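I am opening a new page for this chain. My plan is to go through strands, cores and cysteines in turn.

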Amino acid sequence: MKKIFSLFLLVFLFVNCEDKTVPEDLGDSSVQVIKGNQTYDFHFDSFNSCNKNCDNLYIHINYRKKGAERFSLYFYLKDNGAIDKIWYLGDEGVFTSSYFDPYNHFQITNYSFNNKTGALYFEFEGNLFINTVANREPFFLKGKVDIPALNDIECRNYFTNLLTLQNENTRLLFNRGGSAIENLNTPQKKFCYEFFTDNGFRFTLNSEKNINELPLGEYSFTTKNAINNIMLREFAGKPDISPTLHDKDWIEYETSGSYTITGQLKKDGYDVTVGDINIKAFRNKELKYNFEKIHFEAVNIE
């Protein structure tokens with residue numbers, strides 16, 4: 001990630017800004033960016049700067065106009081609309097989305113993506129951050145992006161854990177995660193399947209057996225289960241662009257519920273377990289969350 005970040009800095013040129021904006025009429029895609037008291041409406045060539053790769057959407061927008069301010073805006077999204085990372089580079093500095101809870105500070109709304117045609121539209125509004133040490137004020141952006149046909153790069157040998165629950169009351173959209181084996185070669189060995197959402201939740205499904213080898217059916221757990229359970233933590237720290245995990249920044253809930261394995265299948269060459277999660281989360285014996293029918297897909301570890 002540091003290499004990518006450095007590359008962005010090398011290719012970005014800072015110039016003196018002018019107190020006016022001039023729309024560009026180049027390219028098939030349109031964008032509006034509002035920052036401060038300025039509104040920028042312009043077109044850009046999405047074919048060379050944006051693409052879809054597997055379930056990832058990469059949107060690179062450059063505003064370049066001779067004699068005017070220049071800036072770059074990068075959206076790294078999942079195809080379900082979840083935020084992975086957002087960058088802004090301009091005369092104001094380099095600002096980034098909060099790593100563990102980007103959606104809590106920067107919202108993607110009215111999101112629409114057509115997997116067949118590649119048509120993408122979304123609106124955005126919120127704060128980006130430079131870092132927590134510099135004590136800089138958040139950088140506010142607002143706008144919209146309209147791309148008629150996103151370039152689709154062939155997906156090869158890629159799959160990651162997935163977790164989704166979205167309705168009028170709840171939004172849980174996976175944006176990153178992974179699988180691991182803890183306490184290998186000990187009696188406490190357990191398989192861990194982790195799911196992060198872009199609004200700050202961290203689900204961890206723990207099992208003493210590889211769930212890819214479990215029969216289809218329902219598996220219940222209570223707050224007393226030490227290994228076979230689903231842990232739920234919620235990010236409660238200050239906005240932070242660093243990917244470092246600090247235990248003090250997370251609220252850990254007591255949980256009970258069940259997960260149901262509905263399928264064992266192959267996806268892009270990977271063994272994948274598919275199912276649903278029902279979970280209740282308590283803190284000091286008070287019910288804080290009751291999530292039902294969270295869809296999950298977990299990649300086999302071994």
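Before anything else I fix the term: strands here are DSSP runs of E, at least two residues long, numbered from the N terminus. The model is a predicted one, and I keep that in mind throughout.

**Entry 1: asparagine 229.** I looked up where asparagine 229 sits and found it in strand 17, which covers residues 229–235. Is asparagine 229 buried or exposed? I read a relative accessibility of 8% for it, so asparagine 229 counts as buried, the cut-off for buried being under 20%. I then checked its side chain: a polar atom there lies 2.9 Å from the backbone oxygen of asparagine 225. Leaving out residues up to four places away in sequence, I list Thr204, Leu205, Asn206 and Phe221 as touching asparagine 229.

**Entry 2: the cores.** I noted that in soluble globular proteins nonpolar side chains tend to be buried together. I looked for such groups next. The largest nonpolar core has 32 residues, and Ile61, Leu73, Phe75, Phe124 and Leu141 have the most contacts inside it. I asked which strands each supply at least two residues of this core. I wrote down strand 1 (29–35), strand 2 (38–44), strand 4 (56–63), strand 5 (71–78), strand 6 (83–90), strand 8 (106–113), strand 9 (120–128) and strand 10 (139–147). I also found a second, separate core of 26 residues, with Phe191, Tyr253, Ile279 and Ile294 among them.

**Entry 3: leucine 73.** I picked leucine 73 from the largest core, as one of the residues with the most contacts inside it. Setting aside neighbours within four places in sequence, I find leucine 73 in contact with Val33, Ile59, His60, Ile61, Ile86, Trp87, Tyr88, Phe124 and Leu141.

**Entry 4: cysteines.** How many disulfides does the structure hold? I count 1. Cysteine 54 and cysteine 155 form it, with their sulfur atoms 2.0 Å apart. I read 100 degrees about the S-S bond, and the link is right-handed. Cysteine 54 lies in the loop between strand 3 (50–53) and strand 4, and cysteine 155 in the loop between strand 11 (152–153) and strand 12 (162–166), so the pair ties together parts that are 101 residues apart in sequence.

I then looked up accessibility for each partner. Cysteine 54 is buried at a relative accessible area of 10%, whereas cysteine 155 is partly exposed at 31%. I checked two further cysteines: cysteine 50 is buried, with 1%, and cysteine 192 is buried, with 7%.

Terms used: Residues numbered from 1 in each chain as written. Predicted model: local features only at pLDDT ≥ 70, side-chain atom pairs only at ≥ 80, totals over all residues. Heavy atoms only, no water. Core = buried A, V, L, I, M, F, W, Y, C linked by side-chain atoms within 4.5 Å. Buried < 20%, exposed > 50% of the residue type's maximum accessible area, 1.4 Å probe, protein only. Helix = DSSP H or I, 4+ residues; strand = E, 2+ residues; numbered from the N terminus. Contact = heavy atoms within 4.5 Å. Polar contact = N/O pair within 3.5 Å; in protein donor to acceptor, adjacent residues only side chain to side chain. Disulfide = S-S within 2.5 Å.
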